[in-house]
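Q: Please take a close look at one part of this model. How is it put together, and what lies around it?

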Amino acid sequence: MSEEGVLSAAESLRRTGLQKRGYVYVNLDDCWQDPLGRDATGRLQADPQRFPSGMHGLSKTLHERGFKFGVYTDRGRRTCAGREGSQGFETLDAQTFAEWGVDFVKEDNCRSLSGPNNKSELFAQFALFRDALNKTGTPIFFSVCGGGDQLPFSNLTYYASDERGGKKLANSWRITSDVTGSWTLRFAYKVDASLREYAGPGGFNDPDMLLGSSPGAARRLGPHQSRTQFSLWAILMAPMLLGADVRQLTPFDLETYSNEEVLKVSQDSFAQQGSLLTVKGSTSLWGRPLVDGAWAVLFLNEGWFWKRKVTCSKRCWSKMSFKRNSTVHLQDLWSQWLPHSDIGVGQDLVFEVEAGRSRMLRVTQLAPVIV
């Protein structure tokens, strides 16, 4: 991580058109801090070798180029990688970030006094930083990450459901440990399926970052699986944080992250998280209601080897808010061929989906024809 690398990534977002698609936050994770610690006044400072302009200088440059700037800290005395954490310095660190022009703060969960899952301690410490950020008077997106120091497949739903959590605590909150590959990806979205009621405008369940299929990243998925994750994250109204190296995106991944129709679903102003509609074996249907009364629907085949038929039958239709015996229009959001574009509500809607892939539709109620 370095100033040069950050500005190079920002330039890649601009050059590829992703900035215009809405990818405007450029966020640093762990290890931006000076390994020698805080300065003489107790303030956090950047690694001077890697960030010669300092955080305020880097923030100013990014803002001049139309981006927002994000930084990382931890509720413990040390971060996950052993750099300076914010415990005991919440007020000072929040003020420092505000003075730097920071727009996004991720606070992690490592190196705490009594472990990562002591609810009384963790909610109290995260709330200290929330309150400190609010007191600055500067609008800063606050992202709580309970994933630090967690074992794989850790269920963190209490960050959403506890009366001290959710939108009272932050703008987004991690609901599982890190997504590192196929199995942890499946675990994350299945956990998120039960948390729809806790998300809404200004507060989002966070099932972790998007894993691309491009080279240059330690954690990757296959191309079609990464596209399925992107589609499903749009259904789940999850934060769209790119975990791929944007300087080395393949044409396939760039096409994935540039899909305007799927991004419209992600950013839909109705701001209601989608949910799991039906499950049958290794196939499932996911849906999200949209502001114009349409629904985004994902046909998913989780199988490893075989093509499967994924069917929206009467039970699936009953979960969506369409009038019975009416007609809906189908739009494939990945421009795949459709055997028919209009269908009656309640009729079986069947797609054969390859193993590990999905199909995503926008389903829109058609006005009745008056003769």
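A: Two strands are paired if DSSP finds at least two bridges between them. Strands (E, at least two residues) and helices (H or I, at least four) are DSSP runs numbered from the N terminus. The model is predicted, so local features need pLDDT of at least 70 and side-chain atom pairs pLDDT 80 or more, while totals for chains, interfaces and linings use all residues. Residues are numbered from 1 along each chain as its sequence is written, and side-chain values use heavy atoms, without hydrogens or water.

The part chosen is an open sheet of six strands, paired in parallel in the order β1-β2-β3-β4-β5-β6. The edges are β1 (25-27) and β6 (204-206); each has a single partner strand, so one side of each has no neighbour in the sheet. From one strand to the next the twist averages 20°. Strands β3 (residues 104-108) and β4 (residues 141-144) run parallel and are joined by four bridges. Opposite Glu107 stands Val144 in β4.

Helix α5 (residues 119-136) lies across β2 (68-74), β3 and β4, and runs at about 165° to β3 (axes fitted to C-alpha atoms, for helices over the stretch in contact; angles from 0 to 180 degrees between N-to-C directions).

The largest nonpolar core has 79 residues, and Trp32, Met55, Tyr159 and Met360 have the most contacts inside it. Such a core joins buried Ala, Val, Leu, Ile, Met, Phe, Trp, Tyr and Cys through side-chain atoms within 4.5 Å. Helix α5 gives this core its largest share, seven residues. Neighbours within four places in sequence aside, Trp32 is in contact (heavy atoms within 4.5 Å) with Met1, Leu44, Gln45, Ala46, Asp47, Phe51, Met55, Val71, Tyr72, Phe97 and Trp100. Another core, of 21 residues, lies apart from the largest one and includes Leu277, Val328, Ile343 and Leu349.

Antiparallel pairing is found elsewhere, around strand β9. Strand β8 (residues 283-289) runs antiparallel to β9, with seven bridges between them; Trp286 has Leu298 in β9 as its bridge partner. Five residues separate the two strands of this hairpin, and among them Gly293 takes a positive phi near 90°. Strand β14 (residues 358-365) is also antiparallel to β9, through six bridges, and in β14 Ser358 is the bridge partner of Leu300. All seven residues of β9 (residues 295-301) are buried (under 20% relative accessible area, 1.4 Å probe, protein chains only), so the strand is largely enclosed by the rest of the structure. Trp295, Val297, Phe299 and Asn301 point one way from β9, and Ala296, Leu298 and Leu300 point the other way.

Definitions and conventions: Buried means under 20% relative accessible area, exposed over 50%, partly exposed in between (1.4 Å probe, protein chains only).
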